[in-house]
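Trainee: I've got a structure open and I'd like to talk it through with you. Can we go from the whole chain down to single residues?

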Amino acid sequence: MNPTHQHFDVQGMTCGHCERAVTQAVRRVDPAAEVRIDRQAGTVDVQTALAREQIAQAITEEGYTVR
Ligand SMILES: [Cu+2]
C-alpha cells in the first residue's frame with residue numbers, strides 16, 4: 001500500500017515534549033511515517049501507509065485527544 005497523507009486535529013499538545021511524544025507514538029506503529037506537527041494550530045499531518053484508525057489510536061493512547 002502506498003503512503004497517503006492524513007490530517008488530524010489533536011488537542012492537548014502544549015510544548016515540544018508533546019510534539020516529540022506524538023511523533024514517537026506514530027513512529028512506533030509506523031517507523032517509516034513522516035510526521036509534521038503544528039502545536040499552535042493543534043494539527044498533526046502524517047505520511048503513512050497505515051490506516052487512519054491506527055494512527056489515531058496511537059495518538060490517543062499517548063494521551064492526546066484526536067477530534
Ligand atoms: Cu508538552
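Trainee: What percentage of the 67 residues of the chain count as buried?
Mentor: Keep in mind that this is a predicted model. A residue counts as buried when its relative accessible area is under 20%. Of the 67 residues, the share that meets this is 37%.

Trainee: In what order do the elements of the chain run from the N terminus on?
Mentor: Start with the inventory: there are two helices and four strands. Now place them along the chain, beginning at the N terminus, and you read β-α-β-β-α-β.

Trainee: What radius of gyration does the chain have, set against a compact globule?
Mentor: The C-alpha trace spans about 35 × 20 × 20 Å along its principal axes. For a compact globule with 67 residues you'd look for a value near 11 Å. The chain agrees with that, because its radius of gyration is 11 Å.

Trainee: What share of the contacts between residues at least 6 apart joins residues at least 24 apart?
Mentor: Leave out pairs that sit less than 6 apart in sequence, and count what remains. The part joining residues at least 24 apart comes to 64%.

Trainee: And the surface: what percentage of the exposed area do carbon and sulfur atoms supply?
Mentor: The chain exposes about 4,200 Å². Of that area, carbon and sulfur supply 45%.

Trainee: How far apart do the centres of the positive and negative side chains lie?
Mentor: You have 7 positive side chains and 9 negative ones. Take the centre of each set, and the two centres lie apart by 5 Å.

Trainee: Which residues coordinate the copper ion?
Mentor: Look for donor atoms at 2.0 to 2.1 Å from the ion. Both donors are SG atoms, and they belong to Cys15 and Cys18.

Trainee: Is Cys18 buried or exposed?
Mentor: Cys18 sits in helix 1, residues 16–29. Its partner at the copper ion, Cys15, is partly exposed, with a relative accessible area of 31%. Cys18 has 7% relative accessibility, and since the cut-off is under 20%, Cys18 counts as buried.

Trainee: Which residues is Cys18 in contact with, leaving aside neighbours within four places in sequence?
Mentor: One thing to look at beforehand is Glu62, 44 residues along the chain from Cys18, with the C-alpha atoms separated by 9.4 Å. For actual contacts, drop the neighbours within four places, and Cys18 is left with Gly12, Met13 and Tyr64.

Trainee: Moving to strand 3, what is the relative accessible area of Val46?
Mentor: Val46 is found in strand 3. Its contacts beyond four places in sequence include Phe8, Val26, Ala33 and Ile55. Val46 is buried, and its relative accessible area is 1%.

Trainee: Is Gln47 buried, partly exposed or exposed?
Mentor: Gln47 also has its place in strand 3, residues 43–48. Among the residues it touches are Pro3, Thr4, Ala32 and Glu34. Its relative accessible area is 31%; partly exposed covers values between 20% and 50%, so Gln47 is partly exposed.

Trainee: What relative accessibility does Thr43 have?
Mentor: Thr43 is another residue of strand 3. It touches His7, Phe8, Asp9, Met13, Arg36, Ile37 and Asp38, not counting residues up to four places away in sequence. Thr43 counts as buried, with a relative accessibility of 13%.

Trainee: How far apart in space are Gln47 and Ile37, C-alpha to C-alpha?
Mentor: Along the sequence, Gln47 and Ile37 are ten residues apart. In space, C-alpha to C-alpha, the separation is 12 Å.

How values were computed:
Residues are numbered from 1 along each chain as its sequence is written. This is a predicted model: local features need pLDDT of at least 70, side-chain atom pairs count only at pLDDT 80 or more; totals for chains, interfaces and linings use all residues. Side-chain values use heavy atoms; hydrogens and water are left out. The radius of gyration is taken over C-alpha atoms; the globule rule is 2.2 Å times the number of residues to the power 0.38. Buried means under 20% relative accessible area, exposed over 50%, partly exposed in between (1.4 Å probe, protein chains only). Contact means heavy atoms within 4.5 Å. Accessible areas come from the Shrake-Rupley method with a 1.4 Å probe; for residues, only the protein chains shown count as cover. Lys and Arg count as positive and Asp and Glu as negative; His and the chain ends are not counted. The place of a charge is taken as NZ of Lys, CZ of Arg, CG of Asp or CD of Glu. Donors are N, O and S atoms within 2.8 Å of the metal (3.2 Å for Na, K and Ca); water is not among the atoms, so sites may look incomplete.
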